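The following points are offered as a colleague's note for a computational chemist. They concern internal space, nonpolar packing and aromatic contacts.

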Amino acid sequence: MSVEPITAADIAAARQRIRGEVLRTPTMPSPSLSERAGQPIHLKMEQRQITGSFKLRGATNAILSLSDDERGRGVVGVSTGNHGRGLAHAASRAGVRAIICMSALVPENKVAAIRDLGAEVRIVGKSQDDAQEEVERLVGEEGMTMIPPFDHPAVIAGQGTLGLEMLEDVPDLAEVLVPLSGGGLIAGIALAIKAQRPQVRVTGISMERGAAMAVSLEAGRPTLTPERPTLADSLGGGIGLDNRHTFAMVRDLVDAVVTLDEGEIAEGIRHGYWREQEVVEGGGAVGMAALIAGKVRPGGPTVVLVSGRNIDMKLHHRLISSEDVDLEEAAA
Ligand SMILES: *Cc1c(COP(=O)(O)O)cnc(C)c1O
């Protein structure tokens, strides 16, 4: 099946569309990381975005791109994490009905967080698959529109607006480090940046535990990989065996993918707190962590995308107090 490519013009249009609905977050120099890397290192502070992550950009662009008819029938999603939050907030701002489906196993605090942002929560069955079935029913029988977390043109274009801001803030940009899961974030950013400055190096950072995109790139096609507990929980999940956009975009536009172990990710979270004075979640801290671990050695001015801050604050407290937290042992 042929797929319409997403273009730099789509990202420019997304920027106009979402202006006023999302924050233009700051890009700040990091003296301690610059010293360590021997190059100017800047942090793109997207953990300060409304709802605590960049997912608001893609969700807002997707909702504001709907036809009047689609808006009238509402949107659905299954995410209980950052995408769910972004979607709930964006829909509520636009006056569009949103239903987030989740299983009875989702903890109450996550349910409440989504509800507080203005979405309806529908609890169905005992697994993610049951929740997915309800989404398909709402799409099929009630004509609602499903907004997926990454493999969707308007979502990718919305995330790409970060690339435009990075280019404006650091005109001599040589390299960007971007957290990588399903790839909507890095695909949009790489497209935005390479359209203007093809020589800028774009590196994706994932966790070793369940790096679905890295495994898929290695295999040459979307591939399943077992999901395991990780500090970078917002980077969990597969890329979809029926992936339409992000796999090919990441393969064609991203220069390198690096993976980190749990100890390295914990160091990134600690660095964020003690040196940058910011609360950062595991998935948001992997760029800083890759520099600290020496797994990326920048050749020039670099922007590290800090992508989110939605971490359990008790876990955060344990981590910054230098407790060794192994989620897999905890789960076993
Ligand atoms: C979703 C998410 C990512 C990864 O984005 P993809 O588009 O799935 O690659 C990175 N960081 C945070 C905080 C996220 O919520």
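1. In the classification used here, Ala, Val, Leu, Ile, Met, Phe, Trp, Tyr, Cys and Pro are nonpolar, Asp, Glu, Lys and Arg are charged, and the remaining residues, Gly among them, are polar. On that basis, the lining of the largest cavity comprises 5 nonpolar, 4 polar and no charged residues. The model under discussion is a predicted one.

2. The lining residues of the largest cavity are Leu180, Ser181, Ser206, Gly210, Ala211, Ala212, Met213, Leu235 and Gly237. The space inside amounts to about 30 Å³. With 30 Å³ or more as the criterion, the count is 1 cavity.

3. The second largest pocket has a volume of about 200 Å³. Its lining consists of Gly210, Ala212, Thr223, Leu224, Thr225, Pro226, Glu227, Gly237, Gly238, Ile239, Gly240 and Leu241. By class, these divide into 5 nonpolar, 6 polar and 1 charged. Gly210, Ala212 and Gly237 belong to the lining of this pocket and also to that of the largest cavity.

4. The largest nonpolar core has 30 residues, of which Ile205, Leu260, Ile265, Met288 and Leu319 touch the most other members. At least two residues of this core come from each of the following: strands E2 (41-45), E8 (201-207), E9 (256-260) and E10 (302-306), and helices H12 (262-274), H13 (286-292) and H14 (313-320). H13 supplies the largest share, 6 residues. A second core, of 25 residues, lies apart from this one and includes Ala88, Val96, Ala98 and Val111. As general background, nonpolar side chains in soluble globular proteins tend to be buried together.

5. Which residues does Leu319 contact, leaving aside its neighbours within four places in sequence? They are Leu231, Ala266, Ile269, Arg270, Ile311 and Val325. Leu319 is also one of the core members that touch the most others.

6. A search of the whole structure yields 1 aromatic pair. Tyr273 and Trp274 form this pair, with 4.9 Å centre to centre and 85° between the planes. The geometry is classed as edge-to-face because the angle between the planes is over 60 degrees.

7. Are the two partners of the aromatic pair buried or exposed? Tyr273 has 30% relative accessibility and so counts as partly exposed. Trp274, at 53% relative accessibility, counts as exposed, because the cut-off for that class is over 50%.

Notes. Residues numbered from 1 in each chain as written. Predicted model: local features only at pLDDT ≥ 70, side-chain atom pairs only at ≥ 80, totals over all residues. Heavy atoms only, no water. 1 Å grid on protein atoms, 1.4 Å probe; cavity = no way out; pocket = protein on both sides within 12 Å on 5 of 7 lines; lining within 4 Å. Points joined across faces, edges and corners; volume = space filled by probe spheres on them. Core = buried A, V, L, I, M, F, W, Y, C linked by side-chain atoms within 4.5 Å. Buried < 20%, exposed > 50% of the residue type's maximum accessible area, 1.4 Å probe, protein only. Helix = DSSP H or I, 4+ residues; strand = E, 2+ residues; numbered from the N terminus. Contact = heavy atoms within 4.5 Å. Phe/Tyr/Trp six-rings, centres within 6.5 Å; stacked < 30°, edge-to-face > 60°.
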